[in-house]
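Student: I would like to practise reading features from a structure. Where should we begin?

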Amino acid sequence: MFTHLHIHSAFSFLYGTFTPEALVQQAKERGYDAIALTDKNGLYGAIRFYKAARSQAIKPILGAEVTLRDGTGLILLAASLEGYKNLCRILSKAYSAAYSKGTRGKPTCTLDVLSRFSRDLICLTGGKDGRLHEFLSKGNLDRARNWLERLKHIFGPDHLFVEIQNHGLENDPAHMSASMRLAEHAEVALVATNDVAFLDPADFEVHQRLVGIQQTVHHRNIRSVPNNEFYLKTEKEMQTVIPCERALQNAAGIAARCQLVLPVNQMHPPAYPLSEENSADHLLARYCFSALAVAYKPVTYEAIMGLGRELSLIRRKGLSGYFLLVKDVVDFAKSKGIRCTVRGSAAGSLVTYLLLAGVDPLEHDLLFERFLNERRSDMPDVDLDFDAVRRDEVIDYVMEKYKDQAAMVATIPTFRARGAIRKLGRAFGYSYEKINRLTSFLPYYLKSSQIREASRSLPELKDTPLKGESTLLGIASKISGLPYQLSVHLGGVVIAPGDLTSWTPVEISRKGFPVVQYDKDDLEALGLVKLDLLGLRMHTAIQKTIDLLEEKGVFLNLDDTPLDDEKTFRLLRTTDTVGVFQVESPGQRQLLGRLQPKKFSDIIAEISLFRPGPMKGDMVTPYVQRRNRREPVRYPHPDLVSILHETYGIVLFQEQVLQIAHHIAGFRLAEADQLRRAMTKNRSAAEMERLKGTFIQGAVDQGYAKNAAEEIFALVAGFAGYGFCKAHAASFAHITYQSAFLKAHYPLEFYLGLLNAGHVGSYPKSVILNEAKRNGIEIRPPHVNVSQEDYTAENGIIRIGLCAINGLGPKFCERILRERSNGLFSNIRAFCLRVNLPREIILRLSLAGAFQGLSANERRRACG
């Protein structure tokens with residue numbers, strides 16, 4: 001059977017018109033049992049293609065079209081895992097070379113690199129985009145023969161094939177004949193291919209418009225394919241256009257030779273660097289038990305058994321090195337005074353708590369199995385929040401320490417309504433003014449395939465001019481959800497066990513960081529470690545507050561501050577929480593007022609309740625009413641009292657789903673977590689029925705009546721999608737408490753910390769200043785003789801910094817401060833003579849009151 005080996009999906013950005021999943025579906029419908037994906041200079045869609053193909057019992061063949069220095073291309077197919085690794089290395093070298101030459105984003109590969117990494121790669125000559133085609137088009141047979149000989153030398157005669165194609169172009173029959181004669185003379189096998197850019201001929205215009213975006217938006221020198229024959233032809237159609245049996249059979253033969261099996265759904269943690277006398281397991285255990293003796297006095301039986309259970313699982317999964325690696329990153333941050341906390345389900349681990357600090361999982365009844373358990377085949381995810389201003393120092397450290405093993409994780413944005421219309425509008429030749437009219441009032445959340453329906457149902461789109469753009473909307477609908485470029489994850493870092501370029505192609509970002517071609521889901525499928533090193537502005541604000549307090553001789557260790565401070569809870573109950581982490585919006589403050597928190601668990605509940613799920617599920621009012629004893633607490637079953645007692649009979653946390661399945665249906669906690677994941681991730685009706693049967697049978701085996709089991713399952717299924725991870729809520733609640741503590745006890749310093757930390761939370765600086773004023777703190781305007789660059793304290797008042805003046809910027813501020821160090825400015829004339837600033841900046845200083853107290857007449861003259 002013939003197999004397509006030359007296919008460009010939408011991951012040949014702004015060229016191909018279909019997703020890898022759509023390719024697999026079409027291949028299945030057209031009777032193919034194998035299919036290749038060969039996107040341009042990348043494997044961006046390879047993992048999702050691989051998974052989709054295997055799920056449909058279709059053989060996936062991974063490859064890429066690699067661009068050479070003269071702009072021509074070769075198709076390289078991975079015949080094995082070693083071939084895949086070599087393809088990753090070739091692409092990585094191409095991107096690295098482009099960055100070094102100042103042509104980032106235009107990768108080209110040298111023959112030397114191909115020679116070094118040619119093992120287990122099958123090379124096709126590139127069809128119409130290949131150098132061989134170019135030589136034959138110009139009638140240069142000698143150069144064509146020499147080129148084939150060079151490729152034979154690089155890949156070997158058994159791994160090189162001359163492509164013949166027929167896309168219905170005038171010269172295609174002559175090219176096929178010339179290629180066949182040349183291949184016979186050079187003793188190189190032929191292979192029939194079709195250069196696929198769209199799945200159906202009707203999508204030719206979609207391809208043209210995507211290429212048009214490249215031409216008009218990105219100003220790239222690229223052409224679309226010339227006709228609609230570049231589609232996924234059936235085997236019969238290929239036999240018609242290329243009547244060469246051996247070339248068609250060779251395509252199937254190549255597919256049979258490609259035996260790549262990726263190591264998916266396995267964990268591949270990096271090895272932590274250790275001295276010879278230590279193993280990762282022993283070192284991790286030693287760190288944890290030493291910390292246990294400090295954290296718990298006395299050390300309890302529960303703590304010892306819990307730690308032993310966690311360490312045992314971590315050891316069995318080979319993850320000790322991973323936890324040591326995370327500890328190393330956090331230790332670096334702490335050594336540099338960079339504030340850091342754990343977020344997410346990792347906060348439920350005793351090992352994580354002992355190594356990294358945070359909330360006590362035993363005290364707050366958090367579940368380790370929500371984070372890591374025997375049944376999870378993917379890598380655990382420890383997400384870390386750092387002071388946003390200094391987060392890049394941590395990333396630099398990781399990149400340097402784990403050089404060649406670490407890179408940033410990719411994100412791959414896809415077309416939505418506004419972006420699709422704006423980009424397509426350019427390709428259609430529309431003016432910016434017309435494009436702005438077309439996109440006015442389009443919701444940001446809207447998919448481009450939903451525009452027509454939205455224009456009929458949304459009042460704000462009632463009179464949209466888009467209704468007259470039938471062709472534009474048709475194309476926009478077809479590109480909905482297609483990827484259009486590679487971007488960099490805000491803080492995701494991947495670390496491989498060895499050279500990263502043997503796992504994924506690596507590019508170089510604009511900032512000079514390496515970035516992989518795979519997103520977090522692809523990396524999870526490959527079992528690679530991903531660390532989320534995130535920047536949190538509240539950490540910046542808290543650190544600046546602490547720094548100000550230390551200047552006054554007040555030294556705080558917020559992480560050791562007791563969680564029962566009455567003044568802090570009084571502030572939360574009064575809802576005076578503007579600036580406090582997670583509880584400053586009007587809705588959050590309203591909920592605080594209703595909830596009237598008196599203990600730390602109330603903050604955890606508030607953060608968990610103020611989510612779309614609990615609000616949609618009408619969980620908030622019953623919880624508040626029961627919490628404040630305005631209605632009786634009801635439990636679905638007497639045996640659920642111990643699990644639901646802290647949430648007044650309501651399933652609020654995901655951990656409670658695990659506990660219910662464990663207690664009622666006899667599931668192990670690992671099995672219970674699988675149940676939770678299935679319930680909350682794209683659950684189907686058939687899957688829910690299967691889960692229901694397993695749960696009910698387990699409950700019946702535990703001695704529960706069938707109808708009671710059905711009611712409990714209905715409860716769990718109904719609330720599983722709304723439940724929030726308690727460990728994550730607890731870690732955020734800790735930051736909420738710390739920021740509230742600072743506001744309650746040190747309001748001046750806290751406001752200054754917020755003002756100097758950049759954009760923190762929901763409100764602009766003007767609101768923070770008004771809050772400070774409302775709480776009795778005087779605010780003084782910026783002044784050229786007093787203000788620093790940032791906001792500062794002056795005897796209990798807040799002085800606005802020079803950089804707060806719109807348009808001033810650090811450069812002009814530094815110029816003013818440098819000159820002021822030579823003496824205060826006696827008058828405005830002296831200021832203007834000593835500090836060389838544009839007239840517009842002088843005017844902005846005057847309007848902000850920065851010349852207050854200086855001569856009014858001079859101020860008018862200075863401003864012109």
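Tutor: This is a predicted model. Begin with one residue: H364 lies in the loop that runs between α14 (350–356) and β8 (383–387).

Student: Is H364 buried or exposed?

Tutor: A residue is called buried when its relative accessible area is under 20%. H364 has a relative accessible area of 10%, so it is buried.

Student: Which residues does H364 touch, leaving aside those up to four places away in sequence?

Tutor: With those set aside, the contacts of H364 are V359, L563, F600, I604 and K726.

Student: The loop leads to β8. How many residues of β8 are buried?

Tutor: The count is 5 of 5, so β8 is largely enclosed by the rest of the structure.

Student: Which strands pair with β8, and in which sense?

Tutor: Strand β7 (residues 340–343) is joined to β8 by 4 bridges, and the two run antiparallel. Strand β13 (residues 529–536) is joined to β8 by 5 bridges, and that pair runs parallel. D385 helps to fix the register: in β8 it is the bridge partner of T341, and it also stands opposite L534 in β13.

Student: How do I read the side chains along a strand?

Tutor: In a regular strand, side chains alternate between the two faces of the sheet. Take strand β5 (residues 160–164): L160, V162 and I164 point one way, while F161 and E163 point the other way. All of these residues are buried, and β5 is accordingly described as mostly covered, with 5 of its 5 residues buried.

Student: What are the pairings of β5 with β4 and β6?

Tutor: Strand β4 (residues 121–124) runs parallel to β5, and 2 bridges join them. C123 has L160 of β5 as its bridge partner. Strand β6 (residues 189–192) also runs parallel to β5, with 4 bridges between them. There, F161 stands opposite A189 in β6.

Student: What is the strand order in the open sheet of 3 strands?

Tutor: The order is β14-β16-β15, and the pairing is mixed. The edge strands are β14 (779–780) and β15 (792–794), each of which pairs on one side only. Between β14 and strand β16 (residues 797–799) the pairing is parallel, over 2 bridges. R780 stands opposite R799 in β16.

Student: Which helix packs on that sheet?

Tutor: Helix α33 (residues 747–755) does, touching β15 and β16. The direction of α33 makes about 20° with that of β16.

Student: What describes the packing of two helices?

Tutor: Two values are used: the angle between the axes and the distance between them. Helix α16 (residues 417–427) and helix α19 (residues 470–478) pack at an angle of about 125°, and their axes are 10 Å apart. That makes α16 oblique to α19. The crossing in which α16 passes α19 is right-handed.

Student: Which residues of α16 and α19 meet?

Tutor: From α16 there are A420, I421, L424 and G425, and they meet L472, L473, I475 and A476 in α19. By class, this contact of α16 with α19 has 7 nonpolar residues, 1 polar residue and no charged residues.

How values were computed
Residues are numbered from 1 along each chain as its sequence is written. This is a predicted model: local features need pLDDT of at least 70, side-chain atom pairs count only at pLDDT 80 or more; totals for chains, interfaces and linings use all residues. Side-chain values use heavy atoms; hydrogens and water are left out. Axes are lines fitted to C-alpha atoms, for helices over the stretch in contact, and angles run from 0 to 180 degrees between N-to-C directions. Angles under 35 degrees count as roughly parallel, over 145 as roughly antiparallel, 65 to 115 as roughly perpendicular and the rest as oblique. A crossing is left-handed if the near helix is turned anticlockwise from the far one by less than a right angle, and right-handed if clockwise. Contact means heavy atoms within 4.5 Å. Ala, Val, Leu, Ile, Met, Phe, Trp, Tyr, Cys and Pro count as nonpolar, Asp, Glu, Lys and Arg as charged, and the others, Gly among them, as polar. Buried means under 20% relative accessible area, exposed over 50%, partly exposed in between (1.4 Å probe, protein chains only). Two strands pair if DSSP finds at least two bridges between them.
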